[in-house]
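The following paragraphs offer a guided reading of a protein model. Please keep the sequence and the structure in view while reading.

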Amino acid sequence: MKTALGFLVALTVLTALAFAPLFVGPYQLGLLIGLTGYVTLASAWALFSGRTGYVSLATVAFFGIGAYTVAVLSETMPYPLVLLVAAAIGLCVALLVGLATLRLAGVYFVIFSFGLAELVRQLVTWFETSVNGTLGRYIFLPLEAEHIYWQLLALAALTLLLTWWIQRTRLGLALKVIADDETVASHIGINIAWTKIALFTLSAIIMTLVGAIQAPRWTYVEPAIVFSPTVSFLTLIMALFGGASRLWGPALGAIPLFLLFEWLSASFPNHYSILLGLLFIIIVFLLPRGVVGFIEDKFQRKSPADLVEKPARVKEADQ
Amino acid sequence: MLMTTLIAGLVLGGSYALLAMGLTIQYGIARTMNLAYGETIIASAFAAYLLYNNLGISPILGLVIIAPAGFVFGWLVYGILMRPLVARSENTATLEINSILATFGLLFVIQGVMLVIFGGNYISYNYLNFGVEIIGVRVAANRLLALGLALTIGGGLYLLLTRTRWGTTLRAVAVNPAAAPLVGIDANRAARFAFALGGALASSGGVVVSMYQTFTASSGVIFTMKALIVVIMGGVGNLAGALFAGLILGLSETFVAAYISPGLTIAAVYIIFLVILLCRPAGLFGKVQK
């Protein structure tokens with residue numbers, strides 16, 4: 001009953017949002033596109049990182065791969081096929097990276113994922129300048145702003161639906177065990193590596209698609225634009241702010257923060273990164289479990305799982 | 001060509017080793033990952049530039065001012081930002097994640113302040129910019145000085161940590177923070193001291209690097225990444241490992257830039273990093289735990 005009601009509300013909101021382009025001006029539509037993009041990115045980020053505790057800064061690597069695929073292929077292939085190819089490339093890169101690195105813990109993974117974004121950017125730049133002889137590409141696609149918005153909205157809905165669905169499958173259950181205690185998880189026969197890789201890949205494909213769908217908005221694309229590390233940072237902070245381990249957390253975090261950043265970058269372009277940093281510190285100190293977690297702590301009854309005293313987790317952080 | 005590249009690589013590698021030593025102390029002893037490490041480096045580079053260009057103070061003299069300032073800065077950051085997180089975190093894994101996130105914020109704040117003051121331009125200054133003949137190759141004097149300084153500071157630190165009682169205390173905390181109090185060591189104080197010492201090393205490294213390299217307000221992140229790669233390659237907390245790994249990194253970067261393409265240096269660094277991580281996750285000299 002509760003689930004059905006939740007679906008009904010979500011569906012109503014989705015329909016209302018789908019009709020939004022008919023009522024708003026081009027500026028607001030631009031905002032909505034950016035907002036939906038970040039809601040999707042933050043939700044996709046949390047799908048993997050929020051549930052496994054692996055802080056990933058590779059968001060922009062996949063986002064950029066998506067955008068670049070569209071830039072390179074949009075003139076030679078029909079658009080839906082381009083999206084498919086982008087998703088496939090995202091899948092391959094994620095599988096490679098996942099197989100190689102998901103054994104790393106803590107800070108190693110953070111640095112690795114950040115380096116991955118830099119690496120991809122440098123490789124693309126190098127390829128474009130020395131092999132292709134140009135830097136930057138133009139994208140001419142007959143897509144209006146509302147088309148991009150609808151695609152993103154559908155992707156956002158799909159991401160949330162997937163997250164919800166995964167929570168109730170065996171995969172979701174396995175994740176819960178892994179998050180609580182990896183040793184126990186491996187003893188009851190959960191394939192830890194594959195569970196992580198599956199989730200990482202899924203989250204990466206969604207990020208790739210966000211980049212691919214948003215690409216036509218820019219018209220002109222170059223590595224410095226689509227591989228800007230700020231995208232990774234913003235995604236991370238939005239998901240954390242909302243609460244990365246909850247279904248609606250990242251979305252709820254992305255909405256206020258996106259608007260805030262939009263306002264900050266317009267009003268204080270010079271002091272933007274100082275304010276961003278301060279906000280980061282405040283969130284880490286005051287809201288370690290995000291807004292959703294904070295509200296749960298304050299107002300709600302505790303879920304049965306939280307009542308059970310959790311044993312202190314011992315992970316080999318130094319490995 | 002070969003000798004020139006070799007010496008340039010050694011100079012770069014020496015600086016990397018020095019930078020990585022500070023980080024390996026912070027991470028190995030204080031158990032906190034400081035992502036704003038590179039920003040300390042760049043801030044010190046800017047300080048050296050200001051002192052030299054505006055007041056005519058040579059970078060060597062500037063080092064005497066800037067390194068203690070880095071120490072104080074590290075001391076304050078640990079006390080204000082890290083200490084509450086250490087108290088709050090229930091184990092090393094959470095502490096790591098928390099310190100990463102908090103220093104992330106710090107990274108943006110410092111970088112933002114530098115962008116406001118200095119803008120986004122590349123900056124360098126002319127100090128000892130003349131060639132010196134050494135084993136048949138002409139090398140800029142400032143590079144030689146940088147290498148000398150890096151080796152002196154790094155070597156001094158090594159002796160300090162291995163030969164004094166006080167260094168032994170720090171190493172004891174690095175080996176086992178839980179057991180250190182049993183033999184009368186104040187682990188908390190040691191951690192704070194180690195963090196501050198790391199700050200002083202980052203500052204010295206920044207001054208050394210600024211003598212021969214151009215830098216911008218936003219290049220700190222790259223330095224953090226390289227320092228971390230060196231730390232991981234050398235094994236966390238291992239000073240000799242950091243020296244060795246730093247030289248490898250500096251040499252391979254210079255050789256790739258000279259013989260393949262300057263656009264592929266990060267790719268080269270990264271491939272080395274990946275191979276090390278996959279084959280020897282505990283570092284080149286680390287013992288395999290399990």
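Is T219(A) buried, partly exposed or exposed? T219(A) counts as partly exposed because its relative accessibility is 34%; buried means under 20% relative accessible area, exposed over 50%, and partly exposed in between, with a 1.4 Å probe and protein chains only. This is a predicted model, in which local features need pLDDT of at least 70 and side-chain atom pairs count only at pLDDT 80 or more, while totals for chains, interfaces and linings use all residues. Residues are numbered from 1 along each chain as its sequence is written, chains are lettered from A and ligands numbered from 1 in the order in which they are written, and side-chain values use heavy atoms, leaving out hydrogens and water.

T219(A) lies in the loop between α9 (192-218) and β2 (220-221) of chain A. Helices (H or I, at least four residues) and strands (E, at least two) are DSSP runs, numbered from the N terminus. Although T219(A) is not a glycine, its phi is positive, at about 65 degrees. In chain B, R31(B) likewise is not a glycine and has a positive phi of about 60 degrees. R31(B) sits in the loop between α1 (2-28) and α2 (37-55) of chain B, and it counts as buried because its relative accessibility is 15%.

The interior may be considered next. The largest nonpolar core has 187 residues, and those that touch the most other members are L236(A), M238(A), F261(A), I25(B) and F104(B). Such a core is a set of buried Ala, Val, Leu, Ile, Met, Phe, Trp, Tyr and Cys residues joined through side-chain atoms within 4.5 Å. Helix α2 (residues 26-52) of chain A supplies the largest share of this core, 14 residues. Leaving aside residues up to four places away in sequence, F104(B) touches L57(A), F233(A), L236(A), F280(A) and L35(B), where contact means heavy atoms within 4.5 Å. A second, separate core of 5 residues includes A174(A), I178(A), I190(A) and I192(A). In soluble globular proteins, nonpolar side chains tend to be buried together.

The surface also carries nonpolar residues. W263(A), F268(A), L275(A), L278(A), I282(A) and L286(A) make a nonpolar surface patch of about 580 Å². Helix α13 (residues 272-286) of chain A gives the most to this patch, with 4 residues. L286(A) belongs to helix α13 of chain A and counts as exposed because its relative accessibility is 61%. Patches are made of residues with over 30% relative accessible area and no salt bridge (a side-chain nitrogen of Lys or Arg within 4 Å of a carboxyl oxygen of Asp or Glu); like charges are joined within 9 Å and nonpolar side chains (Val, Leu, Ile, Met, Phe, Trp, Tyr) within 5 Å. Accessible areas come from the Shrake-Rupley method with a 1.4 Å probe, and for residues only the protein chains shown count as cover.
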